[in-house]
Amino acid sequence: MRVAPHIRASVTADGILFLDIASGRMFSANAIGAHIWNRLREGWSEADVAREIAGASGVDETHVRRDVSEFTAALTARGFLLPEDLTSPGSRATP
């Protein structure tokens, strides 16, 4: 996943605030949402993010995976995250 070019995000102690500069829409999430966002931006997989959160919180990993997946899907549906371009250099796709 990659961040859409029209999205700005500001992380605070309380969570994260997203601004879609193309539409002016805003979206907020709690501190766990901010953590997920940061990890995804760093290139972590959803599974690795879930594993880290589950290990740190003691919550069942299956439950955390579902929550991470739902959050990622919400960000993608809003156009905040975009799938990686499979034709870009360094991608795993083969011609």
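This briefing describes the fold, the sheet, the helices and the core of one protein chain, followed by two individual residues. The model is a predicted one, and the protein chain contains three helices and five strands, which follow one another from the N terminus in the order β-β-β-β-α-α-α-β. Of the 95 residues in the protein chain, 27% are buried, and among the contacts between residues at least 6 apart in sequence, 40% join residues at least 24 apart.

**The sheet**

- An open sheet is built from three strands in the order β2-β3-β4, with antiparallel pairing, and its edge strands are β2 (7-12) and β4 (26-30), each of which pairs on one side only.
- Averaged over this sheet and with direction ignored, neighbouring strands are turned by 15° against each other.
- The antiparallel strands β2 and β3 are joined by six bridges and form a hairpin with two residues between them; within this pairing, Thr12 has Gly15 in β3 as its bridge partner.
- On the other side of the pairing scheme, strand β3 (residues 15-20) runs antiparallel to β4 and is joined to β4 by five bridges.
- Two positions illustrate the register of β3 against β4: Leu17 stands opposite Ser28, and Leu19 has Met26 as its bridge partner.
- The hairpin of β3 and β4 has five residues between the strands, and in this hairpin Gly24 takes a positive phi near 85°.
- The side chains of β4 alternate along the strand, so that Phe27 and Ala29 point to one face and are buried, whereas Met26, Ser28 and Asn30 point to the other face and are not buried.

**Helix α1 and its packing**

- Asn30 caps the N-terminal end of α1, with a side-chain oxygen 3.1 Å from the backbone nitrogen of Ile32.
- Helix α1 (residues 31-41) has Gly33, Ala34, Ile36, Trp37, Arg39 and Leu40 as its buried residues, and just after this helix Gly43 takes a positive phi of about 95°.
- The helices α1 and α3 pack at an angle of about 75°, and their axes lie 11 Å apart; α1 is therefore roughly perpendicular to α3, since angles of 65 to 115 degrees are counted in that class.
- Where these two helices meet, α1 contributes Gly33, Ile36, Trp37 and Leu40, while α3 contributes Val68, Phe71, Thr72 and Leu75.

**The nonpolar core**

- The largest nonpolar core has 20 residues, and those with the most contacts inside it are Phe18, Ile36, Trp37, Val68, Leu75 and Phe80.
- The elements that give two or more residues to this core are β3, β4, α1, α2 (46-57) and α3 (61-77), a list in which both strands and helices are represented.
- Ile36 and Trp37, which are among the core residues with the most contacts, also belong to the α1 side of the meeting between α1 and α3, and Val68 and Leu75, likewise among those core residues, belong to the α3 side.
- Phe18, when residues up to four places away in sequence are not counted, touches Ile7, Arg8, Ala9, Arg25, Met26, Phe27, Ala29, Trp37, Leu75 and Phe80; among these partners, Trp37, Leu75 and Phe80 are again core residues with the most contacts.

**Two residues in their surroundings**

- Asp20 lies in strand β3 and has a relative accessible area of 4%; because residues under 20% are counted as buried, Asp20 is classed as buried.
- Leaving aside neighbours within four places in sequence, Asp20 is in contact with His6, Ile7, Arg25 and Phe80, and Ile7, Arg25 and Phe80 also appear among the residues that Phe18 touches.
- Leu82 is found in strand β5 (residues 81-82), and with a relative accessibility of 24% this residue counts as partly exposed, because that class runs between the limits of 20% for buried and 50% for exposed.
- Leaving aside neighbours within four places in sequence, the contacts of Leu82 are with Met1, Arg2, Ala4 and Pro5.
- One of these partners, Pro5, is 77 residues apart from Leu82 along the chain, and the C-alpha atoms of the two are separated by 9.4 Å.

Definitions and conventions
Residues are numbered from 1 along each chain as its sequence is written. This is a predicted model: local features need pLDDT of at least 70, side-chain atom pairs count only at pLDDT 80 or more; totals for chains, interfaces and linings use all residues. Side-chain values use heavy atoms; hydrogens and water are left out. Two strands pair if DSSP finds at least two bridges between them. Helices (H or I, at least four residues) and strands (E, at least two) are DSSP runs, numbered from the N terminus. Axes are lines fitted to C-alpha atoms, for helices over the stretch in contact, and angles run from 0 to 180 degrees between N-to-C directions. Buried means under 20% relative accessible area, exposed over 50%, partly exposed in between (1.4 Å probe, protein chains only). Contact means heavy atoms within 4.5 Å. A polar contact is a pair of N or O atoms within 3.5 Å; within protein, one must be able to donate a hydrogen and the other to accept it, and residues adjacent in sequence count only if both atoms are side-chain atoms. A nonpolar core is a set of buried Ala, Val, Leu, Ile, Met, Phe, Trp, Tyr and Cys residues joined through side-chain atoms within 4.5 Å. Angles under 35 degrees count as roughly parallel, over 145 as roughly antiparallel, 65 to 115 as roughly perpendicular and the rest as oblique.
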